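Hi everyone, thanks for coming. Please have a look at the model on the screen, and then I'll walk you through some of its surface and its strands.

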Amino acid sequence: MLCPNCGNPLQSGATFCAVCGATVEAPQQSQAPAQEESVAKNKKKIIWVAVLALVAVIVVAAICIVLNLMDTPVETAEDYVVAVRTYDFEETLDTMPDFLVKAIAKKQFGMKELDREKLVKTLKMLANVDEDEIEDLNAEIVKSEVDDDTSEKKAKDMVKEVFKALGCEKYVSDLDSAAVVDISYECDGKEGDASVLCAKIDGEWYAIPTAFAF
């Protein structure tokens, strides 16, 4: 290092020139290594954030796929068929939306106000079955699957027809989806088949009985 005033060679770390007495400023140390280290750390942070974000996206997508696979009307249709075949009318009504139960009670049985207990007794009377026989009945689902031959649009149209027939048109706007479920069952030693119209209303699947509508 040389003196900036007279050019005399200076010893390392000297703060003034021994020849001319000029003050010498200590050379500034390069901050490049520190900056490089900081940049490297930031890059690592960015990489980890990106990896975590990707993992989060994958997890969310997987959850959505699983929920979508689980979100089918099959279980509702199975519950409906078992309830109907065993004459469990209380359970049968539970598989249906409340507004539809009220509409059926009013149109088919003249009930201005829904009385579920009375409605269940009426249904049992119409079924004309012995109470002891009902207690011994057992229905099992052999096979159940969504009918691919019936499109969602067609199923929705079927649901809308039922709503219209029962005076429930205002609930059409709450209809999210619809499907027909084909079911094979065994009850009291006999095999049978049934097709159940189901509707997804406000996020929940319900059985839509067509027999009461027409």
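Let's start with a nonpolar surface patch: Ile47, Trp48, Val51, Leu52 and Val55 make one of about 520 Å². What do I mean by a patch? Its residues have over 30% relative accessible area and no salt bridge; like charges are joined within 9 Å, and nonpolar side chains (Val, Leu, Ile, Met, Phe, Trp, Tyr) within 5 Å. The areas come from the Shrake-Rupley method with a 1.4 Å probe, and for residues only the protein chains shown count as cover. Pick out Leu52, which sits in helix H1, residues 32–70. Is Leu52 buried or exposed? Leu52 counts as exposed because its relative accessible area is 56%, and the cut-offs are under 20% for buried, over 50% for exposed, and partly exposed in between (1.4 Å probe, protein chains only).

A word on where this comes from. The model is predicted, so local features need pLDDT of at least 70 and side-chain atom pairs count only at pLDDT 80 or more, while totals for chains, interfaces and linings use all residues. Residues are numbered from 1 along each chain as its sequence is written, and side-chain values use heavy atoms, with hydrogens and water left out.

Now the overall picture. The protein has 7 helices and 4 strands; these are DSSP runs, numbered from the N terminus, with at least four residues for a helix (H or I) and at least two for a strand (E). Reading from the N terminus, the order is α-α-α-α-α-α-β-α-β-β-β. Of the 214 residues in the protein, 29% are buried.

Let's move to the strands. Which way do E2 and E3 run? Strand E2 (residues 175–187) and strand E3 (residues 190–201) are antiparallel, joined by 12 bridges; two strands pair if DSSP finds at least two bridges between them. If you want a spot to find on screen, look for Ser177, which stands opposite Lys200 in E3. The two strands form a hairpin with 2 residues between them, and Asp188 in the turn has a positive phi of about 55 degrees.

E3 also has a partner in strand E4 (residues 204–207): they run antiparallel too, with 4 bridges joining them. Here Ala199 stands opposite Tyr206 in E4. This hairpin also has 2 residues between its strands, and Asp202 takes a positive phi near 50 degrees, although Asp202 is not a glycine. Asp202 is exposed, because its relative accessible area is 57%.

Another residue with a positive phi is Tyr87, near 60 degrees, and Tyr87 is not a glycine either. You'll find Tyr87 in the loop between helix H2 (74–85) and helix H3 (89–94). Tyr87 counts as partly exposed because its relative accessibility is 24%.

Now for charges. Remember Asp188 from the turn? Asp188 belongs to a patch of negative charge on the surface, together with Asp130, Glu131, Asp132, Glu133, Glu135 and Asp136. For the bookkeeping, Lys and Arg count as positive and Asp and Glu as negative, while His and the chain ends are not counted; a charge is placed at NZ of Lys, CZ of Arg, CG of Asp or CD of Glu. Glu131 lies in helix H6, residues 131–136, and is partly exposed because its relative accessible area is 43%.

How many salt bridges does the structure hold? There are 5, where a salt bridge is a side-chain nitrogen of Lys or Arg within 4 Å of a carboxyl oxygen of Asp or Glu. One of them joins Glu117 and Lys121, with the closest N and O atoms 3.7 Å apart. Both residues lie in helix H5, 4 residues apart, about one turn of the helix, and both are exposed. Lys143 and Glu145 also meet in a salt bridge, at 4.0 Å from N to O.

Then there is Lys153 with Asp157, where the closest N and O atoms are 3.3 Å apart. Why are Lys153 and Asp157 separated by about one helical turn? Because they are 4 residues apart in helix H7, residues 152–165. Salt bridges that share partners also join Glu90, Asp94 and Arg116 into one network.

That's my tour, so let's go to your questions!
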